[in-house]
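Please look through the structure shown here before reading on. My notes follow as numbered points.

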Amino acid sequence: MKLLSSIKNEIKNLTNDCYKNNKLQLNNICKKLDIECFESDFDDFRISGMLIKNKETNKFEIYVNRRHSNARQRFTIAHEVGHYISYKHQSYSYEQLTKNNEIEDYAISFRHENIISDAETEANMIAAEMLMPENKVRELAEKGLTIEEMADEFYVSAVAMTVRVQSLYKEVKFV
Ligand SMILES: [Zn+2]
């Protein structure tokens, strides 16, 4: 799957002035998009987060599981923003959000693209590009930073960082 070029452009414009060093300031992203973001105690620990359209205010809200690690919460928020951007561009999340006004995410799996829906894959791709922009990852990789060092730079988990590096360099490494 490839991201729509309109989505790629939106990511660029949206995130452009929102990095502090290499750390994406997600609260600024949510503010720009007029999305309110809340931490929540979900009964079910497996729930990573949700994106909901509030019927009274007509605004979107993100709920993230406060019991998850900070790095995981950051990925979840970026993933939910990904669903919202997809909806805005009438891409893969459009239908579900139009029909149900919400998307609930269980343990976001960003490793097995083939077993998750297009909407989930796309939201993960948007999240990855926002949190770990391709040009910055390549820049740091060329400087010789390890996965762990890069994960620290971007404030993401080592697993998320590994998946990102593998997907960007797969032509070289895995073919
Ligand atoms: Zn999702």
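1. Along the chain, the donors of the zinc ion are spaced H-x3-H-x21-D-x14-E. Asp105 belongs to strand 6 (residues 102–106) and Glu120 to helix 5, so this pair ties together parts 15 residues apart in sequence. Helices (H or I, at least four residues) and strands (E, at least two) are DSSP runs numbered from the N terminus.

2. This is a predicted model: local features need pLDDT of at least 70, side-chain atom pairs count only at pLDDT 80 or more, and totals for chains, interfaces and linings use all residues. Residues are numbered from 1 along each chain as its sequence is written, and side-chain values use heavy atoms, with hydrogens and water left out.

3. Coordination of the zinc ion is by His79 (NE2), His83 (NE2), Asp105 (OD), Asp105 (OD) and Glu120 (OE), at 2.0 to 2.6 Å. Donors are N, O and S atoms within 2.8 Å of the metal (3.2 Å for Na, K and Ca); water is not among the atoms, so sites may look incomplete.

4. Asp105 and Glu120 are both buried. Buried means under 20% relative accessible area, exposed over 50%, and partly exposed in between (1.4 Å probe, protein chains only).

5. Apart from neighbours within four places in sequence, Val81 is in contact with Ile29, Cys30, Leu33, Ile62 and Met130. Contact means heavy atoms within 4.5 Å.

6. Lys136 lies over the face of Tyr19, 3.7 Å from the ring centre; Arg138 lies over that of Tyr169, at 5.0 Å. The criterion is NZ of Lys or CZ of Arg within 6 Å of the ring centre and within 35 degrees of the ring normal.
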